[in-house]
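Visitor: Got a minute to walk me through this one? I'd like to start with the empty space inside and then wander a bit.

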Amino acid sequence: MSLEGQRTQMVKEQLQARGIVNPRVLAAFRRVPRHVFVPPQLVSEAYTDHPLPIGGGQTISQPYMVALMTERLRLQGHERVLEIGTGSGYQAAILAELALEVYSVERLPELLADVSDRLSGLGYLNVHLAAANGSLGWPERAPYDAILVTAAVPRVPQPLIEQLAEGGRMVLPVGPAQGQVLMEVHKRGGTVTEQPLIGCVFVPLIGEYGWPAGGEAPAP
Ligand code: SAH
């Protein structure tokens with residue numbers, strides 16, 4: 001089957017079948033060529049139902065997880081979105097389809113050179129990349145209408161709450177390194193509420209509000 005055929009099938013069998021309904025989100029997943037974001041030797045697996053290694057010990061998340069996190073942000077097109085953990089750039093491309101401006105922070109600069117070429121090659125001019133410690137957010141460009149963290153944190157990082165706009169939404173995996181709960185955080189009238197969504201496993205966020213590099217994870 002062609003890669004496009006595989007992508008159509010992924011949307012139907014992995015996303016719609018599991019309850020992803022937002023038409024704009026589904027359209028974004030039909031458009032963004034996921035196979036461009038995986039290493040060349042894994043292109044034949046790009047549309048399968050699991051995460052894949054992207055180098056540097058990091059992974060591109062399972063399509064369903066990317067879709068669920070994206071759908072919960074309820075993007076309408078006018079938002080400024082912050083992503084922590086650029087990785088392959090796939091999630092950033094999906095966000096670029098759905099929001100006005102995307103700011104994405106990655107700790108490993110060696111991942112970012114490829115991402116920048118990939119995104120501009122596909123015509124995504126509204127993604128702004130930074131090599132930095134994303135556990136501190138990207139304060140210079142705050143506030144953000146929506147924030148996505150694609151690496152695990154022991155608890156919701158305070159700087160990210162501060163950089164979230166009033167009425168904003170944040171989705172992130174919270175919990176110990178072995179397994180987390182995907183949380184949806186809302187900020188309304190100065191009050192922050194947290195709602196658990198599902199269990200998940202992400203690579204750890206390294207830094208002050210995450211885990212120490214290469215070390216044992218501390219108790220949250
Ligand atoms: N969203 C990515 C997948 C991310 S995997 C995609 O669509 O492909 C998690 C990423 O978070 C990894 O690339 C890892 O290097 C990055 N990361 C870990 N700690 C970080 C930190 N403190 N700041 C920014 N990025 C971080």
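**Cavity, pocket and ligand**

Guide: Sure. By the rule used here, the count comes to 1 cavity of 30 Å³ or more. Bear in mind that this is a predicted model.

Visitor: What volume does the largest cavity have?

Guide: About 30 Å³.

Visitor: And which residues line the largest cavity?

Guide: The lining is made by N22, V25, T70, E71, R74, L75 and L98. Sorted by type, the lining has 3 nonpolar, 2 polar and 2 charged residues.

Visitor: How do you spot empty space in the first place?

Guide: Rolling a probe the size of a water molecule over the atoms shows where empty space is left.

Visitor: OK, pockets now. How much space lies in the largest pocket?

Guide: About 580 Å³. It has 37 lining residues, and the closest to the pocket centre are T59, T150, A151, F202 and V203.

Visitor: Which helices and strands each supply at least two residues of that lining?

Guide: The strands are β2 (58-60), β3 (80-84), β4 (101-106) and β9 (191-200), and the helices are α3 (63-72) and α4 (90-98).

Visitor: How does the pocket lining divide into nonpolar, polar and charged?

Guide: There are 20 nonpolar, 14 polar and 3 charged residues in the lining of the largest pocket.

Visitor: Let's talk ligand. How many residues surround the ligand?

Guide: 26 of them, and the closest are S88, E106, N133, G134 and I206.

Visitor: Which side chains have an N or O atom lined up with a ligand oxygen?

Guide: S88 has a side-chain N or O atom 2.6 Å from an oxygen of the ligand. For E106, a side-chain N or O atom also lies 2.6 Å from a ligand oxygen.

Visitor: What about a ligand nitrogen?

Guide: That involves E83: a nitrogen atom of the ligand is 3.0 Å from an N or O atom in the E83 side chain.

Visitor: Back to the helices. Why call α4 largely enclosed?

Guide: Because 8 of the 9 residues of α4 are buried, the rest of the structure largely encloses it. The buried ones are Y90, Q91, A92, A93, I94, L95, A96 and L98. L98 also turned up in the lining of the largest cavity.

Visitor: And α3, how many of its residues are buried?

Guide: 9 of its 10, which leaves α3 mostly covered. Those buried residues are P63, Y64, M65, V66, A67, L68, M69, T70 and E71. T70 and E71 are among the residues lining the largest cavity, too.

Visitor: Anything odd just after α3? What does R74 do there?

Guide: R74 takes a positive phi of about 50°. R74 is another of the residues that line the largest cavity.

Visitor: Switching again: P196. Where is it, and is it buried or exposed?

Guide: P196 sits in strand β9. P196 counts as exposed, because its relative accessibility is 52% and the cut-off for exposed is over 50%.

Visitor: Which residues does P196 touch, leaving out those up to four places away in sequence?

Guide: V181, L182 and M183. The C-alpha atoms of P196 and M183 are separated by 4.5 Å, with the two residues 13 apart along the chain.

Visitor: Last one: where's A132?

Guide: A132 is in the loop between β5 (127-131) and β6 (144-149). With a relative accessible area of 33%, A132 is partly exposed.

Visitor: What is A132 in contact with, beyond its neighbours within four places in sequence?

Guide: V105, E106 and R107. And E106 is the residue with that side-chain atom 2.6 Å from a ligand oxygen.

Notes:
Residues numbered from 1 in each chain as written. Predicted model: local features only at pLDDT ≥ 70, side-chain atom pairs only at ≥ 80, totals over all residues. Heavy atoms only, no water. 1 Å grid on protein atoms, 1.4 Å probe; cavity = no way out; pocket = protein on both sides within 12 Å on 5 of 7 lines; lining within 4 Å. Points joined across faces, edges and corners; volume = space filled by probe spheres on them. Nonpolar A, V, L, I, M, F, W, Y, C, P; charged D, E, K, R; others polar. Helix = DSSP H or I, 4+ residues; strand = E, 2+ residues; numbered from the N terminus. Buried < 20%, exposed > 50% of the residue type's maximum accessible area, 1.4 Å probe, protein only. Contact = heavy atoms within 4.5 Å. Near = heavy atom within 4 Å. Polar contact = N/O pair within 3.5 Å; in protein donor to acceptor, adjacent residues only side chain to side chain.
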